[in-house]
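User: Please take a close look at a single part of this structure and explain how its pieces are arranged. I am new to it and would appreciate one connected account.

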Amino acid sequence: MGFLAPAFLLGILGVGLPLYLHLLRRQSGNQRFFSSLMFLEPREESAVRRRRLRYWLLLALRCAVLIVAALAFAEPYIERPGAAVPPDRLLVLAIDDSFSMRAGGRLAEAKREALDLLAARRSRDRAQVIALSSAVSALTPATRDAAELRAAVESIAPGDSRGSFAALASAMRSLAASERTPIELHLFSDMQRTGMPPSFAEMALPASVQLVLHPVAPTAAPNWAVESVSAPGEVWSRSARVQAVIAGYGTPAAMRTVSFLVGGRVVATRQVSVPTSGRAVVTVDALDVPYGLDRCAVRLDPTDALPADDEYDFTIGRSDPRRGLFVHQASDERSPLYFETALRATDAAAFTLDKIATDRAASVDPAPYAFVVLSDVATLPGPFLDRLSEYVRRGGSVLIALGTTAQQSGRIPILDAKLGAARDYSRQAERFASVGTADPAYPAVGSQGQWDGVKFYYAAGLDAAGVAAKSARVPVRLADGAPLLAEQPFGEGRVVLLASGLDNVTNDLPLHPVFVAFIDRLMRYLAGMEARSSARTVDEFVELRTGREHAAGVQVTDPRGERLLSLGAGTAADRLQLTRAGYYELHLASGRRDVIAVNADRRESDLAPMPAEVLALWRGTASSSAPASGASHAPGTNGAPTGSQTGATEAQAGAGAEGAPLQRSRRDLWWYAMALLLAAVLAESAAGSRYLGTRREAS
Amino acid sequence: MRFLDPAVLAAISGLDLVAQTVVEGFIAGLHRSADFGFSQEFAEYRAYVPGDDLRHVDWNAFARTERLYLKRWRGETSSVLTVLLDASNSMSFASHAVRKADYARFLAASLCYLAIRKQRDAAGLVVFDDEVRDYIRPSTRQGQLFRVLAALEQAEPRARTRLEAPLKHVEAFVRRRGIIVVLSDFYEPPAAVVRAIEPLRHRGSEVVLFHVLDREELQLEIGGSSVLVDLESGARFPVTQEYAARDYRERITAHCKELEERAGAAGLGYRLLQTSQPLDAALREYLAVRQGRD
């Protein structure tokens with residue numbers, strides 16, 4: 001006899017409660033207040049004795065109720081041999097189709113073993129085929145249809161995702177919760193060590209699942225791979241600096257040839273010495289890239305056990321620098337100098353700057369510019385101001401730096417908002433103000449620590465200028481709470497306000513390193529140039545549209561050239577998971593075309609399997625009655641399971657007279673325990689009513 | 001007689017109204033009996049003593065003799081009624097609408113009303129439990145009845161019964177001869193009760209013991225086994241039905257009988273009153289005792 005949930009047996013300890021109530025606790029009886037007990041004597045021994053005899057019966061019934069309830073919840077069962085027909089079971093064939101299964105025909109071997117298992121399957125057993133990578137995909141329902149099962153196995157193609165045994169365990173836990181019959185899980189995999197989750201507990205399988213392992217590559221094969229490539233996603237000059245990391249997994253020291261390809265053509269080749277199971281870095285300082293989105297790759301020669309990871313794809317977009325317009329006072333020579341120097345200080349200068357004084361701005365059209373900067377200007381020519389307002393209204397972006405000159409005018413251009421009182425910190429005791437709060441979520445701000453040490457001697461009165469309205473965003477404030485940087489939507493565009501100048505007079509911001517990063521990020525943000533990544537990893541998600549681009553059509557073509565989104569999905573999809581390695585072509589909702597290079601997770605390149613003891617532990621967690629056949633499939637043995645060995649329970653019980661294995665049938669006693677519990681409850685109720693009813697009546 | 005039913009009286013809110021209802025109903029049932037004399041026939045002069053109502057002084061006699069005399073009428077002969085009311089916690093027992101304490105208070109109020117308003121007697125009150133809780137000196141002054149009734153209103157049961165200690169104090173209070181009525185459930189050994197009350201008799205007063213009990217106390221009935229809790233001590237005794245039906249009744253009957261015998265032997269009047277009985281029996285007993293004194 002056994003129990004499925006023996007922990008509930010602890011409930012038997014509850015019999016202590018009726019014992020306490022009946023034996024230890026003083027009988028209170030039916031209490032009545034009376035004038036005097038002068039004529040009374042506690043001479044009721046005989047009555048008490050009789051009552052206790054009766055109460056012993058009640059006590060026994062109450063204890064029986066508790067004990068039987070605990071037994072019922074513990075789900076008792078008995079096992080007895082004799083039934084020649086084994087119980088139903090569900091065979092789950094999990095075939096690993098992760099990226100590492102591309103190595104050395106591992107997937108083909110796994111599929112062959114799975115087909116053999118299906119062939120040896122008893123016709124009465126249901127089976128289900130699932131594919132395992134970063135997630136579990138059910139290829140068939142639980143069925144007895146052999147043709148459907150074989151077709152599902154044969155349809156499995158090598159994937160580019162990363163294998164996750166935690167995902168398999170999670171899926172099995174869900175399946176076991178809904179499946180009444182025992183589950184026999186057959187895993188056909190290379191048992192890659194990197195597929196293990198950080199915590200082994202995530203791999204634990206429920207008790208009703210018996211795990212049978214079919215390792216298809218019991219030993220690790222040496223493998224070199226292009227682990228990563230560092231390249232700019234976008235350049236505005238002819239050449240780009242590209243750096244590749246070559247890694248060896250279980251490899252001896254060797255020389256490898258690294259080729260750099262642009263548009264499928266080898267443009268550079270390097271020889272690199274990769275140490276034993278180590279890494280080497282290869283750099284091309286000036287990789288010539290033509291205009292447009294270029295498909296680039298780093299290739300490793302000669303090929304090895306896993307050729308798929310010998311090439312790493314990436315893309316570089318080359319375009320001309322964007323133009324920016326910088327408007328300043330004629331007398332101000334400092335702010336254009338600092339601003340332009342900051343823009344050119346970055347590795348790849350994305351902008352060229354047209355500087356113009358306010359007195360010559362009347363005929364300038366801001367429309368061709370990616371952004372406009374108004375640096376501490378008091379007044380603007382009327383025609384230019386009109387064109388600038390229309391420029392912003394149609395989606396342009398303007399940065400307005402409000403120094404002392406702008407403060408004198410009392411109004412903010414374009415927004416036509418009134419400025420409040422300026423804060424002249426140089427006249428206060430501290431002489432300056434520092435940045436108090438900085439919102440790192442704002443694209444141009446960066447971390448707050450970068451602003452440490454920057455002194456602001458003057459700040460325009462933005463707090464009374466309407467920028468504190470609900471539509472405005474204030475990502476940076478000074479220590480006294482005064483807004484330093486604010487963004488105000490205007491039409492389709494945006495106006496960013498800096499409550500200080502760019503001339504190193506009202507602050508010393510241009511002298512700090514944060515100025516370069518701040519100007520670079522802010523101008524990219526204003527120009528709508530989001531940081532472009534040169535490569536992504538399989539299973540990542542890509543954003544297809546922003547919040548403003550509702551209902552705009554999106555189209556995605558995967559590396560095989562297939563369109564992934566229907567017309568309906570193309571107008572609704574916000575993001576897309578990249579499931580294959582190669583180049584994805586995207587036509588985004590903004591109308592921009594993009595090419596994304598996707599590579600397999602390089603953790604898949606490490607082909608080392610899980611240690612044998614870990615595998616044994618995993619099998620142990622699956623079921624206390626682990627099948628003997630599991631041991632024969634342990635890593636280090638070449639024995640693939642044959643048809644007669646596939647049934648775990650068969651191997652446990654031996655063969656029957658007619659070749660059918662003898663089983664130990666399990667008979668649940670839960671219903672009997674519940675019936676007994678019901679009877680005990682009724683008896684207790686009757687006894688309690690009979691013995692205690694008199695007392696209630698008397699009261 | 002309906003107005004003497006304790007259950008009816010319990011529905012009347014004020015003790016003054018209760019007393020008036022009881023006494024007027026009682027008198028109406030006497031049918032002009034001359035024995036107890038409520039006429040205005042002159043009887044005698046009596047020397048004034050402090051506490052007497054000055055309205056009854058015969059000022060003509062004072063003018064002639066320069067001595068204070070009270071003019072007395074037949075039926076108004078001087079008598080002093082002192083009611084000793086047991087207000088211990090055992091008196092709060094009730095098996096029906098009227099508690100023993102309420103019954104005793106009704107009776108005390110009725111006796112005082114009868115004495116002051118109808119007999120022109122001085123009446124006083126002593127409320128006791130294990131000590132003297134309240135004392136209203138016997139008097140015929142105006143407002144005396146209301147003082148007595150107010151004291152009765154406040155005589156809620158509490159504490160325990162101990163006759164000996166409070167009655168020793170009462171001896172000091174009772175200096176004039178008169179009628180002393182003791183209202184109690186007398187849950188003490190009869191010998192102790194008589195020993196405590198007998199000294200009052202020695203001072204020339206007539207003493208009547210009104211033994212107030214609930215019917216349930218005389219015929220204890222319980223179903224099955226019960227735990228009885230003493231109202232005064234809080235002690236708990238489990239009691240079976242058999243014991244209550246046999247032994248208890250024998251004991252309480254013997255207790256009442258012994259108390260009656262010992263009271264009679266000591267010259268004390270005794271009457272057992274059940275709270276379900278009308279009050280007229282007690283009033284008759286009082287008038288009989290008073291007549292005997294006259």
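Analyst: Two strands pair if DSSP finds at least two bridges between them; strands (E, at least two residues) and helices (H or I, at least four) are DSSP runs numbered from the N terminus. The model is predicted, so local features need pLDDT of at least 70 and side-chain atom pairs count only at pLDDT 80 or more, while totals for chains, interfaces and linings use all residues. Residues are numbered from 1 along each chain as its sequence is written, with chains lettered from A and ligands numbered from 1 in the order in which they are written.

The part chosen here is an open sheet in chain A, built from 8 strands with mixed pairing. Read across, their order is E18-E17-E19-E20-E28-E27-E26-E24. Strand E18 (351-357) and strand E24 (435-438) of chain A form the edges, each pairing on one side only. On average, neighbouring strands are turned by 20 degrees against each other, direction ignored.

Within the sheet, strand E20 (residues 397-401) and strand E28 (residues 493-498) of chain A run parallel and are joined by 5 bridges. In this pair, Ala401(A) stands opposite Leu498(A) of E28(A).

Helix H7 (residues 382-393) of chain A packs on the sheet. This helix touches E20 and E28, and also strand E19 (371-375) and strand E27 (483-490), of chain A; contact requires C-beta atoms, placed from the backbone, within 7 Å. The direction of H7 makes about 115 degrees with that of E28(A), where axes are lines fitted to C-alpha atoms, for helices over the stretch in contact, and angles run from 0 to 180 degrees between N-to-C directions.

How values were computed: Contact = placed C-beta atoms within 7 Å.
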